[in-house]
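Trainee: Could you take me through one helix pair in this model in detail, and then follow the chain contacts outward from there? I'd like to know how the packing is described and what it rests on.

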Amino acid sequence: MSENLIIACVKWGRTFPAAWANILYDMVRRNLPETPFDFYCFTDNAADLNPDISARELPGNLNNWWNKLYLFKEGIFPPGQRIIYFDLDTLITGEIDDIVKYSGDFALLGDFYRPGGYGSGVMMWPGGTNHHIWREFEKAGRPNLQGGDQIWLEKTRPGADLLQDLFPGKFASFKVNCRPLPPEGTSVVCFHGEPKQDNADERWVADLWKIGGTFNPGARALSDEPHSCDGADFRTDARSGANSGACPPVELRDDADTGNPPVPPGCAEFAESRRRDACPDDGRSALRASPSDSTNATATQSARLIGKGSRYLSAHEEKIANIRHAISLPYPWLEQKPPHGKTAAIIGGGASLNKHVEEIRQRCTDGDSLFAVNNSAGWLAKNNIGFDNHILSAADFEPINLAGITRYCASTCPPAVFEKAHGNIIIWHPEIPGITELIRLELQNDKRPQEFIRSSAAGLMVVRLVYALGYRTIHLYGFDSCLDENGAHHAYPQPQNDNDRRIETESGGRQFQAAPWMLDQAREFVSLTHEMAGNRCKIKVHGEGLIPYIAGLLNPSLL
C-alpha cells in the first residue's frame, strides 16, 4: 500500500476491455520500479482486472470522458495523496519517476493541436483539492459541452501547469511526432483519436503495448505475428472483444496474393498495415510524422509519404480543400440528438436490395425513417419507395430532386456534390486522422457544433451518423460487402466499381467474392456491433452476403 501516490484510470462501457487497464498497470509498474503506488481503475465493470488493481465504482449516470470529472468529487481521493491520471489509450515508453514527483496544484497535457488548450489524457493533482471542478459541473446540470471534459477544465481550472512545459521532451503525440519512432527521451505517448495502440502501424507499439512489453527502437513496421494482450492474441482491435479481451468469434480469410498470412481463427480484422497491403491500387496510404518535425507542426507539415508517392498527398490535399469549401457554405452542421423511440432503416447499395423491395416499402409505410446512402437514393426513387433522408459521402451520385428530403453531405465531398444536391442540406464531418486535427484547429473559435463521425469504412460511417441523430434501433439493407451469385456489386449500375479487384474470402466455412473495400467494411462491422451494443443500440442486418452472414455468427445479445 502506497502512502503517497495513486495512479488512476477510467474504464467505461465497452470501448476498452479490462486488458487495456491491465496493460497500463503493467507499463506503470515497469517504468516506476522504485516508487510504491496504488493503482485505481474507476469502472462500471471490474471483471478480469488484475487483482493488484483496485476497482472503484463510477457514478453510473455519466458517459464517455465526462466520467473523468467524477474523479474531482470530494472524498474520492484522500488528502495528501498525489494523484496521477492516465487515459487508457496512453503508452508509457520510459521511466516516469521524475514526473510523478510533481507537487503543484494541478497539471495536465497541453492540447497537441490547439495552442493554449488543455488535453485531459494525463492529469496530476493533490488529493483533497480541485473539488470545485466537479461541484460546478453538478451545479451547472452536467452540461454536454462541445469539446468534452477538457473544455470544462479550461473553464473551471484556468492557469494550470502544462506537462509539456514542466517536463520538456517527455510527452509526445503518436500522430504528431512518433512515426516512425518517438523522439529520444520520450516517456509518455498519447494516442488521442485514431489510431489506438491496437491498430497502430508501427512494430515498436506492438512490442511495447502488452504485459511484459519492451521498447524495441529497431522495429519500425508492424509484425505479421499477433501480439499478446494479457494472455489473448490480438492482431488489431482488442476493443472489439468482450471484457475478457477475447476477439469476436468470427473468422475471415482471404486468398489474395498479399504476401501476408491469413487471419488467425477468432479474429475478424486485419491490421491497418495489412489492409493497405491488400489494397495496393485503391489510392490510400498512410501519413507518418517525420522525427525531425517539431511537435507543433500541423498534420500536413509533419506528414511524409509512403506507398505510392504523391498520389496520396494529392488526395490528402483534395480532402482538405473540400472540407474548407464545405465549412464556408451557409448550411447548418450535424448536431447530436438525444435518444428517441423511432426506428431507422439505412439503405446501402448491395445487390441483395432487389430481393427486399416490398419489405423496405413496408418500413416506409410503417413510418420508419429511411436513410438512402449515395446512389441508393436513385434505386429507392425508381422503385417508388419514399424516403426523407439522403446521406452523401461520395463524389459520384445520381441527383434525385425530390421535395422535402434532408441531405446529409459529408464535408469531404467535392463542391460539385453541393451544387447537385437539393433540399435541406446538413453538413457532417468524417473523422480522418491527420485531417480532422487540422480542421479542429482552424475551427477552434467557430461556434457551430463539431460532431465528427468516426469510421474507416465509409459504408459504416453512416451507421454512426444515424446513431448521432438519436436512433437506437437501426435496420441495414444492402450491406452485403460481397458480390452476389451473378457477380453484381450493387443493386444498380455503378460503373466506377466494375473494375474493382476481386478477392476470394472465407468466413465460417462459406466462400464469398469481394472487393478489397468490401472486406474492410466487413471487418469493421464486427467491432461496430460491439460498440453499438455497448451504447444500447440494436442493429439488425437484412439481406444476403458477407456482413449478414457474419451477423448470424455473432452473439445474439449484440444484435
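Mentor: Start with helix 14 (residues 516-534) and helix 15 (residues 546-553): their axes come within 10 Å and cross at roughly 20°. Before you lean on that, remember that this is a predicted model, where local features need pLDDT of at least 70 and side-chain atom pairs count only at pLDDT 80 or more, while totals for chains, interfaces and linings use all residues. Residues are numbered from 1 along each chain as its sequence is written, and side-chain values use heavy atoms, with hydrogens and water left out.

A helix here is a DSSP run of H or I with at least four residues, a strand is a run of E with at least two, and both are numbered from the N terminus. Axes are lines fitted to C-alpha atoms, for helices over the stretch in contact, and the angles between N-to-C directions run from 0 to 180 degrees.

So helix 14 and helix 15 come out as roughly parallel (under 35 degrees; over 145 is roughly antiparallel, 65 to 115 roughly perpendicular, and the rest oblique). Their crossing is right-handed, meaning that the near helix is turned clockwise from the far one by less than a right angle; anticlockwise would be left-handed.

What does the touching? From helix 14 you have Leu519, Gln521, Ala522, Phe525 and Val526, and they meet Leu546, Ile547, Ile550 and Ala551 of helix 15, contact being heavy atoms within 4.5 Å. Sort that contact by class and you get eight nonpolar residues, one polar and no charged. The classes go like this: Ala, Val, Leu, Ile, Met, Phe, Trp, Tyr, Cys and Pro are nonpolar, Asp, Glu, Lys and Arg are charged, and the others, Gly among them, are polar.

Helix 15 is mostly covered, with six of its eight residues buried (under 20% relative accessible area; exposed is over 50% and partly exposed in between, with a 1.4 Å probe and protein chains only). The buried ones are Leu546, Ile547, Pro548, Tyr549, Ile550 and Ala551.

Now step over to strand 25 (538-541), which is an edge strand, as is strand 21 (452-454), each pairing on one side only. Strand 25 has two faces: Ile539 and Val541 are covered, Lys538 and Lys540 are not. It runs parallel to strand 22 (473-477), and four bridges join the two; for strands to count as paired, DSSP has to find at least two bridges between them. Lysine 540 of strand 25 sits opposite histidine 475.

Zoom out and you're looking at an open sheet of eight strands, in the order 21-20-19-18-17-16-22-25, with parallel pairing. From one strand to the next the twist averages 25°. Over at the strand 21 end, three bridges tie that strand to strand 20 (residues 424-431), and the two run parallel. One pair to look up there is histidine 429 with its bridge partner in strand 21, phenylalanine 452. Helix 9 (residues 357-365) packs on this sheet, touching strand 16 (343-347), strand 17 (369-373) and strand 22, and its direction makes about 150° with that of strand 22.

For contrast, try another helix pair. Helix 2 (132-139) and helix 3 (149-156) pack at about 110° with their axes 10 Å apart, so they count as roughly perpendicular. His132, Ile133, Glu136 and Phe137 of helix 2 make the contact with Trp152, Leu153 and Thr156 of helix 3. By class, that's four nonpolar, two polar and one charged.

The loop between helix 2 and helix 3 holds arginine 142, which has a positive phi of about 55° despite not being a glycine. Most residues other than glycine have a negative phi. Arginine 142 is partly exposed, because its relative accessibility is 25%.

Helix 3 leads you to another sheet, where strand 6 (residues 107-110) and strand 7 (residues 118-126) run antiparallel and are joined by four bridges. Glycine 110 stands opposite tyrosine 118 of strand 7. Helix 3 touches both strand 6 and strand 7 as it packs on the sheet, and its direction makes about 55° with that of strand 7.
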